[in-house]
Amino acid sequence: MLQTQEKVTGGTVAYERVGDGPAVVLTHGTPSSSVLWRDVVPALATDHTVYLWDLPGYGRSTTAAGVRPSVALHARVLAELLDAWDLRDPVLVGHDIGAAAVLRAHLRHRVPARALALLDAAVLPPWTTPVAQHIQAHLDVYRTMPEHVFHELIRAHLATATHRPLDASTERAYLEPYAGEAGQQRYLDQVEGFDEADTRDVVAALGEVAAPTLVLWGEHDRWLPADSADRLAAAIPGSRRVVVPEAGHFLPEDDPATTAAELGRFLRGV
């Protein structure tokens, strides 16, 4: 559970720092939170200082009234956090839209990074899933949908994020932020903020990435198929691509041991 709060543009971010050594910053995606990294952090923290945080509007982080979560906002906030934490050459690790935020912070906000690790990255178009596209096209319907029906819908969608079924307690941890009417609106605010325009200039600049880069993907990703890993790795000079068998889109959830091992191997080489 994240205990520390930091005021940022458009809201307040919850974060935690674990371990000691060179800095590694873990950025989750959607619809998740720093919970995604819980079984990866211990292995990384044995010889690194690991920073994990909840994106604005996700987990325990909040947005101010009228502020909508987006990749553009998350990238700006990441740049602010790295400055507040006085990190000059961290390794930036991002999953899903968190990977998009990492790349945007690095390429557009000129945040320095010793290396980048991009997991099941929502960067190359199209990265909004058919479910998200349908919600965006019918937001008024989903905002007025009976709460119990909406809850079952997002529960079913979450089930497609992993290759291995979630146990009941883990499923509750992911769904807790979306409970009740307020949680329903929170989820829909997140989806409303998905905009591929936020990654268009990032995609155009991928050839400028000079930091060592790992592209890590779940073989059975049903949201962003594994061939997206090939395309992304081909667009980033010198990047290394690894596909993890028996894992889906939520790679750190499906196989935290392999995720930690691949990240550890990458970190030792940068």
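Okay, to start: is Thr27 buried or exposed? Thr27 is buried, because its relative accessible area is 0%, and the cut-off for buried is under 20%. Keep in mind as we go that this is a predicted model.

So where does Thr27 sit? It belongs to strand β3. Leaving out neighbours within four places in sequence, Thr27 is in contact with Trp37, Trp53, Leu55, Leu78, Val93, Gly94, His95, Gly98 and Val102. Keep Gly98 and Val102 in mind, since both are also on the list of buried residues of α3.

Let's look at the strand itself. β3 covers residues 23-27, and five of its five residues are buried. In a regular strand the side chains alternate between the two faces of the sheet. Here, Ala23, Val25 and Thr27 point one way, Val24 and Leu26 point the other way, and all of them are buried.

Which strands pair with β3? On one hand there's β4, residues 49-53, which pairs with β3 in the parallel sense over five bridges. If you want a pair to click on, the bridge partner of Leu26 in β4 is Leu52. Then there's β6, residues 91-95, again parallel to β3, with four bridges. There, Val25 stands opposite Leu92.

Just ahead of β4, have a look at His48, in the loop between α1 and β4. His48 counts as buried because its relative accessibility is 8%. Its side chain makes a polar contact of 2.9 Å with the side chain of Asp47. Skipping residues up to four places away in sequence, His48 touches Val18, Gly19, Asp20, Gly21, Pro22, Val24 and Leu267. Val24 there is one of the β3 residues I just mentioned.

Next, helix α3, residues 97-107. How many of its residues are buried? Eleven of the eleven. The buried set includes Arg104 and His106, along with Ile97, Leu103 and Leu107. An α-helix has 3.6 residues a turn, so residues three or four places apart point the same way. As for what covers the buried residues of α3, that includes β3, α2, β6, β7 and α9.

Now some backbone oddities, which you may want to check before setting anything up. Most residues other than glycine have a negative phi, and most peptide bonds are trans. Asp96, in the loop between β6 and α3, has a positive phi, near 55 degrees. Asp96 is buried, because its relative accessibility is 4%. Arg110 also has a positive phi, near 60 degrees, and is found in the loop between α3 and β7. Arg110 counts as exposed, because its relative accessibility is 54%.

And the cis bonds: the peptide bond from Thr30 to Pro31 is cis, omega near -10 degrees, with Pro31 in the loop between β3 and α1. A cis bond also joins Pro125 and Pro126, with omega about -5 degrees, and Pro126 lies in the loop between β7 and α4.

Right, empty space. Rolling a probe the size of a water molecule over the atoms shows where empty space is left. The structure holds three cavities of 30 Å³ or more, and the largest has a volume of about 180 Å³. Which residues lie nearest its centre? Of the 19 lining residues, those are Thr30, Thr129, Ala132, Phe194 and Trp223. So Thr30, from that cis bond, turns up again. The lining splits into twelve nonpolar, six polar and one charged, and α4 and α8 each supply at least two of its residues.

α8 matters for the second largest pocket too, where it gives the largest share of the lining, five residues. That pocket holds about 150 Å³ of space. Its lining has four nonpolar, six polar and two charged residues, including Arg186 and Asp189. β5 also supplies at least two residues.

Last one: Gln190, in helix α8. Gln190 counts as buried because its relative accessibility is 2%. Its side chain makes a polar contact of 2.9 Å with the side chain of Tyr178. Beyond four places in sequence, Gln190 touches Thr30, Gly57, Tyr58, Pro69 and Tyr178. Two of those names, Gly57 and Pro69, also line the second largest pocket, and Thr30 is among the residues nearest the centre of the largest cavity.

That's it from me. Thanks!

Technical notes:
Residues numbered from 1 in each chain as written. Predicted model: local features only at pLDDT ≥ 70, side-chain atom pairs only at ≥ 80, totals over all residues. Heavy atoms only, no water. 1 Å grid on protein atoms, 1.4 Å probe; cavity = no way out; pocket = protein on both sides within 12 Å on 5 of 7 lines; lining within 4 Å. Points joined across faces, edges and corners; volume = space filled by probe spheres on them. Nonpolar A, V, L, I, M, F, W, Y, C, P; charged D, E, K, R; others polar. Buried < 20%, exposed > 50% of the residue type's maximum accessible area, 1.4 Å probe, protein only. Pairing = 2+ DSSP bridges. Polar contact = N/O pair within 3.5 Å; in protein donor to acceptor, adjacent residues only side chain to side chain. Contact = heavy atoms within 4.5 Å.
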